[in-house]
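Biologist: Hi! I'm new to this one, could you walk me through it?
Modeller: Happy to, let's bring it up.

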Amino acid sequence: MPALVMDIPAVTGTALGSDVSFVYHREKDDGTLILSWDGGEDHVYDKDVIGVINDPRGGRKNEVQPQLILRVVTSQSSPETTKMRFAFEPLPVTNLPQNYLEAHVITKPPMHLYVNPNEDGSRNLHIVVSTRSGVGEAQQYYDDVLSEALAAIDLNRDTYQLHITESEKSITEFAKKILLPRANDGIAQTVLLLSGDGGIVDTVNALLLSSRTEKYLKPTIGLISMGTGNAMANSTGLNRDATRGLGRIFRGVPQNLPTFKAHFSPGSVFLTDEARRTQPLPLESGHGIVHGVVVCSWALHASLVADSDTTEYRKYGAQRFQMAAKELMAPDDGSNPHVYHGKITLYKSDDQGNEYVEEIAETRTSYIIASLVSNFEERLLISPGSKPLDGQLRILRFGDISGADVMRLMGKALRGGGHEHDEMAYYAPINGLKIQFDEPDARWRRVCVDGKIIRVEEGGWVEVRRGHEDVVDLIA
């Protein structure tokens with residue numbers, strides 16, 4: 001039995017009732033608990049761990065307090081799919097190394113999960129399972145992981161209300177019919193949302209587009225990332241491990257979720273059902289309005305999100321974006337990639353905080369985003385200056401450059417950044433921006449707001465500003 005790993009002394013304890021030797025080795029944000037016994041060895045990886053709690057079953061009198069390592073074990077459903085399977089595997093132990101406890105112990109219950117029910121007995125802890133998010137992993141994660149993990153901290157099925165989505169409008173209806181009235185009465189609520197970024201966006205829009213009282217109390221959202229890109233989870237650190245955000249729900253704290261507001265010229269519409277149908281935008285002062293928490297984009301980014309939002313593409317998970325990008329950058333007919341035409345105006349602040357207007361002289365654009373987050377995907381660091389939930393919009397724009405140069409810059413973003421300093425890129429903090437479109441073909445007037453696609457009328461515009469009415473907290 002090895003006593004040392006990297007000169008770290010072993011600690012004797014038990015696991016599953018048998019004597020073992022523990023060694024915890026940690027480098028940067030990655031660690032491994034090594035369990036050794038006569039004739040064998042096993043590993044518990046930090047990336048799989050939700051946290052460590054006292055075993056509610058207790059132990060015998062005068063014995064060391066038993067504990068449970070709560071962990072999520074992930075495996076691929078089949079070689080033919082990107083879909084994963086999840087299992088909740090608590091490990092009973094005693095006498096864990098002190099440095100392991102310091103890294104993982106849950107010292108006090110996550111009070112945001114223990115919200116009081118209403119007088120009529122209805123629950124204010126909600127679990128929303130978005131069945132259409134990503135590649136369809138949410139239901140299995142709830143059944144086999146989340147429900148079991150909550151039960152481990154004494155939150156059984158009768159302590160929360162379960163909502164299974166039936167359509168793309170389910171989360172919006174839940175927010176309007178349940179969250180909003182209770183929030184307006186000052187009632188504390190927590191929502192564990194098994195979805196992608198779209199679930200948060202639907203919730204935020206439903207609340208921001210409705211009347212709120214002076215008693216309004218922001219609901220708390222715990223995000224379990226089940227989407228495709230999962231920009232919010234990747235940018236706030238929820239996806240740093242393999243628990244999909246459950247570890248942060250158990251050990252994190254609610255923080256304000258910043259928003260932005262996009263106004264659209266009259267005639268702009270949502271594109272739905274793979275662009276076969278349209279829906280009107282909500283109106284404010286005669287203009288369409290959409291709220292977001294991640295990004296507003298035009299040009300290549302908006303086009304690839306729109307083109308890849310099909311049933312066929314979605315089977316490939318996050319790879320669908322790269323597949324659509326390749327088709328846009330290298331059209332099958334051999335033509336050059338489209339260069340988008342429009343006038344761009346930026347709203348910025350000087351060192352004294354006074355706002356001024358800056359016009360971008362070049363009217364030909366390949367790529368442009370206004371982002372509140374750093375990462376669009378796990379490895380795609382699109383806005384290196386963004387910090388989690390800092391509320392600062394930042395623009396990244398490429399002008400009239402070749403497809404090869406666009407791919408070169410995006411390659412830098414995939415390798416941890418550097419594109420923001422490239423002479424072909426413009427990157428800066430902004431208060432907002434306005435784009436006035438000069439495109440006769442409607443295909444090139446599509447705008448993306450957090451995955452939702454809006455088609456702007458010919459000669460129309462979009463204006464994006466940081467929002468000042470934030471309506472939810474995010475556990476981070």
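Biologist: Let me start with one residue: is Tyr340 buried or exposed?
Modeller: Keep in mind that this is a predicted model. Tyr340 has a relative accessibility of 3%, so it counts as buried; the cut-off for buried is under 20%.

Biologist: And what about Trp444, buried or exposed?
Modeller: Trp444 is buried, with a relative accessible area of 12%.

Biologist: Why is the pair of Tyr340 and Trp444 called edge-to-face?
Modeller: Because the planes of the two rings are at 90°, and planes over 60 degrees apart count as edge-to-face. The ring centres of Tyr340 and Trp444 are 5.4 Å apart.

Biologist: Where do the two sit in the chain?
Modeller: Tyr340 belongs to strand β22 (residues 340-349), while Trp444 is in the loop between β28 (432-437) and β29 (446-449). They are 104 residues apart in sequence, so the pair ties those parts together.

Biologist: Which residues form an aromatic cluster with them?
Modeller: Trp298 and Phe437 join Tyr340 and Trp444 in one aromatic cluster.

Biologist: How many aromatic pairs are there?
Modeller: The count comes to seven aromatic pairs. One of them is Tyr24 with Tyr100, which is also edge-to-face, at 4.8 Å centre to centre and 85° between the planes. That pair links distant parts of the chain, with Tyr24 in strand β4 (residues 18-27) and Tyr100 in helix α1 (residues 98-104), 76 residues apart.

Biologist: Are those two buried or exposed?
Modeller: Tyr24 counts as buried at 3% relative accessibility, and Tyr100 counts as buried at 0%.

Biologist: Switching topic: which ring does the charged end of Lys434 sit over?
Modeller: The ring of Trp461, with the charged end 4.8 Å from the ring centre. Arg212 lies over the face of Tyr216, at 6.0 Å from the ring centre.

Biologist: Now helices. How many residues of α7 are buried?
Modeller: Seven of the eight residues in helix α7 (residues 300-307) are buried, so the helix is mostly covered. Among the buried ones are Leu300, His301 and Leu304.

Biologist: At what angle do α3 and α4 cross?
Modeller: Helix α3 (residues 170-184) and helix α4 (residues 197-208) cross at roughly 45°, and their axes come within 8 Å. That angle makes α3 oblique to α4. The crossing is right-handed.

Biologist: Which residues make the contact?
Modeller: On the α3 side they include Ile171, Ala175 and Leu179, and on the α4 side they include Gly199, Thr203 and Leu207.

How values were computed: Residues numbered from 1 in each chain as written. Predicted model: local features only at pLDDT ≥ 70, side-chain atom pairs only at ≥ 80, totals over all residues. Heavy atoms only, no water. Phe/Tyr/Trp six-rings, centres within 6.5 Å; stacked < 30°, edge-to-face > 60°. Helix = DSSP H or I, 4+ residues; strand = E, 2+ residues; numbered from the N terminus. Buried < 20%, exposed > 50% of the residue type's maximum accessible area, 1.4 Å probe, protein only. Lys NZ or Arg CZ within 6 Å of the ring centre and 35° of its normal. Axes fitted to C-alpha atoms, helices over the stretch in contact; angles between N-to-C directions. Parallel < 35°, antiparallel > 145°, perpendicular 65-115°, else oblique. Left-handed = near helix turned anticlockwise from the far one by under 90°. Contact = heavy atoms within 4.5 Å.
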